[in-house]
Amino acid sequence: MAPHRARTLAAVLIVASGALVTGTADAAPQPHHLIPHPAKITQHTGVTFTLSPSSKIQLTTQKARPAAALLAETLRPSTGFALPITTGVTGGGIVLTTAADPKLGPEGYKLDVTPKQVVIRANSAAGHFNGIATLRQLLPAKAEAKTGQPGPWQVSGTSITDTPRYRHRGAMLDVSRHFFTTDQVKRYIDQLAMYKINYFHLHLSDDQGWRLEIKSWPELTKIGGSTEVGGRTGALFYTQEQYKDLVAHARSRGITVIPEFDMPGHTNAAQASYAELNCDGQKRPLYTGTGVGFSSLCIDKDITYRFVEDVVREVSAITPGPYLHIGGDEAHSTPDADYRTFMDRVLPIVRKHGKTTIGWHEFIKTTEDTEVIPQFWGTTSTNADVAAAARRGNEVLMSPANRIYLDMKYDKDTKLGLNWAGYVEVKDAYGWNPGAYLDGVTEKNVRGVEAPLWTETIRTSADIEYMAFPRLPVVAELGWAPASVHDWERFAPRLGAQAPRWKVMGINYHPSTQVPWTN
Ligand code: TNX
């Protein structure tokens, strides 16, 4: 026992002194490994802040409290420090305060490291969350551990002024094809927050499952939420209380939830739950396969729109975010005229309940409303309907399937995922410009980017992570970093340097051979 313990101690000392060397006055600053890359960063030779057992997280604005709470929740277990959150600045530690600079906008922040303090300045809760996400990456990877780790907890001298390229950086999880528990979803939300993702889109209904309790239509979850792809059975849905808890959890990470109910196609689970939603009045059998395009709500029945309005009303009431996603994709069993009739009736319902509509891009051909947001998921660089909408002034959300569909295989050997949009290796996911990808959709028309993760083949958190890492941080980089820093050769080592962090967190990432991984 004794020799073994001595060896462990020696190793710790070597690690500690190695880390101290980088903090001495004459050491050159290490290249930073931040993802996403900040808009402006300067590194200061010889300046180091060290978090100590007496450090406090000090606020001068209550807007920063949620971000302070997330920082404390992250750092207390690993450092073992108390890190109390206090009001007012009385000395060393982490300071979250207001910014005098209106150019920071709704999400920007400044971060300055001095020997005594790390100061984050922002005008909004979102700005503080973004500053905290940066600070976490400036600390050693082991700061993310859930158990006590040896220090020192150093941050090298850095000044950052940062704002996002796009205001919408999203990720979607399909909980319909396979259902994921609230703990699994929260785990993914926590991972998104590390990379300044600010919208989380939950795909809550599809042919294989209806996943949110709707009190006025209880059979939706009782029947429609009873199975999934592959045929597993159970109570595979969220109660409204569980959904509210998920929304609150996302909010505590600075993330807004966008719920989606896909219609008028992708509706077999609803049609299996209620006979009256079918034109022939017959319930459909539950579906546990992976086909698409075979289902449609009954366009001519009034009850269809009572159903839609009840769903929209109930979900709007428990969704604080301003957006509702109505799907609208692959309605191959809904004739074009019916599809238009359906959207003409449904879009006003969403507006009536105070939400802004987002939909898969097909729906944009039915409306000239410039407030609604088409989400482009195609694989081509032209789409006349989306271009026309952009010309009218609509903002477009970019999710080209051959670039950022996280369910596409990396290459032919990837065990999980699909390949209908091709293989998407890390370099493919990085190698495009959202502001110049689609003809007629220029930088100013782009609202942002979203990485969808469809789950026909995805069952566990390890599966989610294998497909999302490293491509999710790639999407985060495209959505936040200025276009001027876009350069694969410089990006790849930054991406590779995230691996120690993922190892500490137990994230199951794909070790792509395209990336020079840091051990
Ligand atoms: C297409 S993308 C779909 C989904 C599938 C996905 C699989 C889109 C709007 N619809 O129904 O799950 O492909 O990659």
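A polar side-chain atom of Glu456 lies 2.6 Å from an oxygen atom of the ligand, and that is a good place to start our walk through this predicted model. Taken alone, the ligand exposes 360 Å², and the protein buries 98% of that.

Let's stay with the ligand a little longer. Arg177 also takes part in the polar surroundings: an N or O atom of the Arg177 side chain sits 2.7 Å from an oxygen atom of the ligand. On the nitrogen side of the chemistry, an N or O atom in the side chain of Asp329 is 2.8 Å from a nitrogen atom of the ligand. Stepping back, there are 13 residues around the ligand, and those that come nearest are Arg177, Tyr405, Asp407, Trp420 and Glu456. Sorted by class, this shell holds seven nonpolar residues, five charged ones and one polar one.

Now turn to the sheet. Seven strands make up an open sheet, and reading across it you meet them in the order β1-β7-β5-β6-β4-β2-β3, with mixed pairing. The edges are held by β1 (40-51) and β3 (85-87); each has a single partner strand, so one side of each is left without a neighbour in the sheet. Direction ignored, neighbouring strands of this sheet are turned by 25° against each other on average.

It is worth zooming in on β2, which covers residues 56-59. In the sheet order, β2 stands between β4 and β3. With β3, strand β2 pairs in the parallel sense over three bridges, and here Gln58 stands opposite Thr86 in β3. With β4, strand β2 again pairs in the parallel sense, over four bridges; there, Lys56 has Gly93 in β4 as its bridge partner. As you follow the residues along such a strand, keep in mind that in a regular strand the side chains alternate between the two faces of the sheet.

Finally, look at what packs against these strands. Helix α2 (residues 65-79) lies on the sheet and touches β1, β2, β3, β4 (93-97) and β7 (153-162). Both edge strands, β1 and β3, are thus among the strands touched by helix α2. The direction of helix α2 makes about 145° with that of β3.

Note on methods: Residues numbered from 1 in each chain as written. Predicted model: local features only at pLDDT ≥ 70, side-chain atom pairs only at ≥ 80, totals over all residues. Heavy atoms only, no water. Near = heavy atom within 4 Å. Polar contact = N/O pair within 3.5 Å; in protein donor to acceptor, adjacent residues only side chain to side chain. Areas by Shrake-Rupley, 256 points an atom, 1.4 Å probe, with all protein chains shown as cover. Nonpolar A, V, L, I, M, F, W, Y, C, P; charged D, E, K, R; others polar. Pairing = 2+ DSSP bridges. Helix = DSSP H or I, 4+ residues; strand = E, 2+ residues; numbered from the N terminus. Axes fitted to C-alpha atoms, helices over the stretch in contact; angles between N-to-C directions. Contact = heavy atoms within 4.5 Å.
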